[in-house]
Amino acid sequence: MWNRRQDRPRPVGCGVEELRRRRREREAALRKARREQQLVSKRLLRDDTPEEAESGCVDLILGEAEIQQFLWLAQRGTEEKEREGALASLRRGLQRPETQQTFIRLEGSIRTLVGLLTSNQALLQLEAARCLHELSHSEQSAVAEACLPATTYLLTYLSGHSSDFIELCLYTLGNLIVESEAVRMQLLPQGIVPALSACIQSPHQTVLEALGYALSQLLQAKEAPEKIIPSILGSTLPQHMLQLLQPGPKLNPGVAVEFAWCLHYIICSQVNNALLITHGALSTLGLLLLDLAGAVQRSEDAGLELLVCPVLRCLSNLLTEPAVDAVGGQMELRDERVVASLFILLQFLLQKQPSLLPEGLWLLNNLTANSPSFCTSLLSLDLIEPLLQLLPVSNVVLTVLCNVAEKGPAYCWHLWPGPLLSSLLDTLAFSDTEVVGQSLELLQLLFLYRPEIAQAFLQQSGLQALKRHEEEAQLQDRVHALQQTALHG
């Protein structure tokens with residue numbers, strides 16, 4: 001059909017290739033904006049002892065004299081309980097920003113605390129680590145940088161035997177990483193990447209979750225693409241991360257969420273996504289997508305949206321990589337179940353967290369952009385009408401439909417008759433030029449491949465719908481081109 005229409009006069013710049021080029025340029029700009037969205041945060045482990053809870057201890061602002069007194073008792077107290085109690089009182093005081101500022105200004109305070117961190121008494125060491133953890137939660141970069149002398153020891157203790165202590169060290173490191181580039185630049189030569197690579201083999205889920213948090217903070221640093229991610233990709237961390245994302249009875253939701261976000265940050269850096277694809281990232285994420293959809297169907301959806309978002313983003317961004325075709329990566333996803341599962345998740349998000357719907361639609365867009373088989377799945381599963389129901393949520397729906405229509409007459413045949421044309425006529429009443437522009441492009445494709453749709457458009461007052469946009473600078477050319485195609489073919 002396309003060959004028979006080649007010699008017909010048609011407005012310049014409105015062919016299938018031109019429409020595709022415009023769409024891809026728009027998508028590239030939107031993808032860049034999405035990649036820059038970060039989730040920098042800090043976490044606080046605060047587990048008061050039963051005695052503290054019962055006594056209703058409050059965190060008081062401590063002055064210099066009180067801080068010095070607590071540090072002196074922690075160092076030189078005659079009884080172990082007295083020394084631990086002094087550090088516990090200091091820890092509670094350090095929950096206040098005013099005390100934190102006083103503490104770091106006090107000469108020798110950090111040195112004393114680091115000395116206590118290296119104590120051979122486990123409980124004293126733990127209280128010192130808790131004090132550092134309170135400091136690490138400060139929003140002031142000066143406080144984080146004051147903790148620099150402790151980072152060597154925090155890294156060393158990651159190879160210890162106490163899972164609780166390792167977890168505390170990891171969250172403390174993660175908090176320090178967020179706040180200060182100086183901390184990050186010190187941790188790299190100190191060996192944070194090998195230390196995390198060793199930690200990821202821990203059998204303890206709490207340690208793995210804390211590790212995922214610390215790693216995600218490291219990956220979000222502005223210098224990560226140049227100075228951090230190459231080292232991480234050169235380690236065993238990516239393979240272990242993907243193993244922890246394998247669906248099955250051993251999958252831990254908390255751990256999976258942390259490492260899915262880690263994977264997202266690595267993919268967004270675009271340092272070497274081909275490596276992740278060769279490690280089987282597409283296959284792992286695709287299987288995880290199927291597993292998540294299955295959990296929704298079984299109503300096992302507690303906290304599920306926390307994992308859905310990074311999985312959708314990872315898959316969506318990986319599918320834009322040239323390496324997908326080079327290594328046959330898309331073959332790993334060429335399965336009708338992927339499209340069906342994605343729609344199950346879209347319905348779930350519509351009910352639970354509509355703000356995440358665009359993420360799912362972006363994945364559907366990237367699946368259908370260069371794949372006739374995924375477009376075929378969309379049609380064979382009768383998903384066009386459910387897709388149109390999501391149009392009020394995101395205009396990415398129009399982009400997906402353009403992906404289908406541009407595949408040719410056979411695909412357009414399945415798009416009409418049906419609700420599509422009336423939906424597009426409705427969008428022409430919108431004032432949003434982006435939505436109207438995409439509707440015009442989709443109509444252009446439909447008219448080129450199926451002239452009878454143009455006739456139906458004219459019969460349903462389509463020209464009158466176009467008139468309201470004739471004077472809009474951004475739409476004039478496309479409106480004129482569509483009018484010509486509708487009237488003259």
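**Notebook: helix packing and ring pairs**

I looked up Y213 and found a relative accessible area of 0%, so Y213 is buried. I use buried for under 20% relative accessible area, exposed for over 50% and partly exposed for in between, with a 1.4 Å probe and protein chains only.

Conventions. This is a predicted model, in which local features need pLDDT of at least 70 and side-chain atom pairs count only at pLDDT 80 or more, while totals for chains, interfaces and linings use all residues. Residues are numbered from 1 along each chain as its sequence is written, and side-chain values use heavy atoms, with hydrogens and water left out.

**Entry: whole chain**

I took the totals next. The chain has 32 helices and zero strands; these are DSSP runs numbered from the N terminus, H or I of at least four residues for helices and E of at least two for strands. Of its 489 residues, 54% count as buried. The accessible surface comes to about 21,200 Å², and carbon and sulfur atoms hold 51% of that. The areas come from the Shrake-Rupley method with a 1.4 Å probe, and for residues only the protein chains shown count as cover. I also checked contacts, meaning heavy atoms within 4.5 Å. Among contacts in the chain with a separation of 6 or more, 75% are between residues 24 or more positions apart.

**Entry: aromatic pairs**

How many aromatic pairs are there by the ring rule? The rule pairs rings of Phe, Tyr and Trp (its six-membered ring) if their centres lie within 6.5 Å; planes under 30 degrees apart count as stacked, over 60 as edge-to-face and the rest as tilted. The count is four aromatic pairs. One of them is Y157 with F165, tilted, at 5.4 Å centre to centre and 55 degrees between the planes. Y157 and F165 are both buried.

I then returned to Y213. The ring centres of Y171 and Y213 are 5.4 Å apart and the planes stand at 40 degrees, so this pair is tilted. Y171 lies in helix 11 (residues 163-179) and Y213 in helix 14 (residues 205-219), so the pair ties together parts that are 42 residues apart in sequence. Y171 has a relative accessible area of 7% and is buried.

**Entry: helix 11 against helix 14**

I followed the Y171 and Y213 pair to its two helices. Helix 11 and helix 14 pack with axes 8 Å apart, at an angle of about 15 degrees. That makes helix 11 roughly parallel to helix 14. For this I take axes as lines fitted to C-alpha atoms, for helices over the stretch in contact, with angles from 0 to 180 degrees between N-to-C directions. Angles under 35 degrees count as roughly parallel, over 145 as roughly antiparallel, 65 to 115 as roughly perpendicular and the rest as oblique. The crossing of helix 11 and helix 14 is left-handed, a term for a near helix turned anticlockwise from the far one by less than a right angle, with right-handed for clockwise. Residues that meet here include I166, L170, Y171 and G174 from helix 11, and V207, A210, Y213 and A214 from helix 14.

**Entry: helix 23 against helix 26**

I ran the same lookup on helix 23 (residues 357-369) and helix 26 (residues 396-405), which pack at about 15 degrees with axes 9 Å apart. Helix 23 is therefore roughly parallel to helix 26. Their crossing is left-handed. In the interface, L361, W362, L364, N365, T368 and A369 of helix 23 meet V396, V397, T399, V400 and N403 of helix 26.

I singled out L364 in helix 23. Is L364 buried or exposed? At 0% relative accessibility, L364 counts as buried. Leaving aside residues up to four places away in sequence, L364 touches L342, F343, L378, L387 and V400. L364 and F343 are 21 residues apart along the chain, and their C-alpha atoms are separated by 9.1 Å.

**Entry: backbone exceptions**

Most residues other than glycine have a negative phi, and most peptide bonds are trans. I listed some exceptions.

- W416 and P417 are joined by a cis peptide bond, with omega about 0 degrees. P417 is in the loop between helix 27 (409-415) and helix 28 (420-427).
- Q270 has a positive phi, near 55 degrees. Q270 sits in the loop between helix 17 (253-269) and helix 18 (273-278), and at 43% relative accessibility Q270 counts as partly exposed.
- D382 also has a phi near 55 degrees. D382 is in the loop between helix 24 (372-380) and helix 25 (384-388), and at 63% relative accessibility D382 counts as exposed.
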